[in-house]
Amino acid sequence: MAILEKDLRLVRKIFEDKDERIPGRIRLGNHFVDDFIFEDQEAADIPINALRVIFNIISIISSEQFRPEDRPMQLSLFDEEFETENNIFASIKIRNSKISPSGSTRQVVEAYEFLARFKVGWYKSVNSKGKEIRTFGGLISNPSYDQQGYTSFLISSYWLKKLMIIPEYNYILYNLVYNIRNNKHIIFAI
């Protein structure tokens with residue numbers, strides 16, 4: 001996605017799926033799981049390819065994940081970068097073959113459409129200075145093809161915070177979404 005000059009104030013960080021490394025496991029924060037996957041008993045509705053998007057988002061940002069107790073300075077840096085204004089985003093780019101190993105464009109499109117619509121609403125969080133920050137959207141917004149074989153999208157600071165700042169988390173096998181075809185079995189594992 002070509003980021004325009006006026007959008008630079010909205011997009012504060014760009015994450016890309018640069019390497020072909022496949023992690024053995026990822027850290028799935030309990031706050032994200034509770035708020036995104038299990039809230040309102042909608043977990044069974046999440047398609048397997050949408051779960052692949054979520055797992056790949058976590059894989060891409062894994063080097064940025066942290067526990068606030070272990071790295072309080074990192075928490076203040078996150079606040080300064082993402083929680084100073086309303087509607088601040090990060091841009092993420094994922095290789096389409098990681099979402100649909102069979103190469104089905106339809107599956108990729110359906111996964112991103114689902115995540116762009118799922119849990120859309122106004123979300124608020126409070127930064128370390130006590131200021132309330134509001135963000136509108138779902139987990140992802142504005143998915144687009146800017147480079148052949150990749151999809152870029154925005155992720156709001158609200159959901160990014162839940163994925164990056166993980167006071168409590170569980171390890172999940174990354175390959176679960178590739179080896180198990182039933183989304184309910186993956187939700188059960190989570």
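# Notebook: a predicted model of 190 residues

**Overall.** I began with burial, and buried residues make up 48% of the 190 residues in the protein. I note here that the model is predicted. I counted secondary structure next and found seven helices and eight strands. The radius of gyration is 16 Å, close to the 16 Å that the globule rule gives for 190 residues, so the protein is as compact as a globular protein of that length. Along the principal axes, the C-alpha atoms fill a box of roughly 45 × 35 × 30 Å.

I then looked up the surface. The protein exposes about 9700 Å², and carbon and sulfur atoms supply 50% of that area. For contacts, I took the pairs of residues at least 6 apart in sequence; 77% of these contacts join residues at least 24 apart.

**Helix H5.** I asked how many of the residues of helix H5 are buried. Eight of the eight residues in 157-164 are buried, so the helix is largely enclosed by the rest of the structure. I wrote down the buried residues by name: Ser157, Tyr158, Trp159, Leu160, Lys161, Lys162, Leu163 and Met164.

**Into helix H4.** I followed the chain from strand E3 (89-95) into H4, with serine 104 in the loop between them. Is serine 104 buried or exposed? Its relative accessible area is 19%, and buried means under 20%, so serine 104 counts as buried. A polar atom of the serine 104 side chain lies 3.2 Å from the backbone nitrogen of glutamine 107.

**Within helix H4.** This helix covers 105-117. I found a salt bridge here between arginine 106 and glutamate 110, with the closest N and O atoms 3.1 Å apart. Both residues lie in helix H4, four residues apart, which is about one turn of the helix. I checked the accessibility of each partner: arginine 106 is exposed at 53%, while glutamate 110 is partly exposed at 41%.

Valine 109 is also in helix H4. I recorded a relative accessibility of 29% for valine 109, which counts as partly exposed. I also looked up a distance from valine 109 to phenylalanine 32: the two are 77 residues apart along the chain, and their C-alpha atoms are separated by 23 Å.

**Out of helix H4.** The loop between H4 and E4 holds lysine 119. I noted a positive phi of about 60° for lysine 119, although it is not a glycine. Most residues other than glycine have a negative phi. Lysine 119 counts as buried, at 10% relative accessibility.

Valine 120 is in the loop between helix H4 and strand E4 (121-126). At 41% relative accessibility, valine 120 counts as partly exposed. Which residues form a nonpolar patch on the surface with Val120? They are Trp122 and Phe136, and the patch has about 320 Å² of accessible area together.

**Another positive phi.** I found a positive phi at asparagine 142 too, of about 55°, and asparagine 142 is not a glycine. Its place is in strand E6, residues 140-144.

**Salt bridges.** How many salt bridges does the structure hold? I counted eight. Side chains of opposite charge can pair when their charged atoms come close.

I looked up glutamate 69 and arginine 67, whose side chains meet in a salt bridge at 2.8 Å, N to O. Glutamate 69 has a relative accessible area of 47% and is partly exposed. Arginine 67 counts as partly exposed as well, at 31%.

I then turned to arginine 134, which forms a salt bridge with glutamate 132, the closest N and O atoms being 3.4 Å apart. Arginine 134 is at 34% relative accessibility and counts as partly exposed. Glutamate 132 is at 38% and counts as partly exposed. I traced the links further, and Lys124, Glu132 and Arg134 are joined in a network of salt bridges.

Methods
Residues numbered from 1 in each chain as written. Predicted model: local features only at pLDDT ≥ 70, side-chain atom pairs only at ≥ 80, totals over all residues. Heavy atoms only, no water. Patch = residues over 30% accessible without salt bridge, like charges linked within 9 Å, V, L, I, M, F, W, Y side chains within 5 Å. Areas by Shrake-Rupley, 256 points an atom, 1.4 Å probe, with all protein chains shown as cover. Salt bridge = Lys/Arg side-chain N within 4 Å of Asp/Glu carboxyl O. Helix = DSSP H or I, 4+ residues; strand = E, 2+ residues; numbered from the N terminus. Buried < 20%, exposed > 50% of the residue type's maximum accessible area, 1.4 Å probe, protein only. Rg over C-alpha atoms; globule rule 2.2 N^0.38 Å. Contact = heavy atoms within 4.5 Å. Polar contact = N/O pair within 3.5 Å; in protein donor to acceptor, adjacent residues only side chain to side chain.
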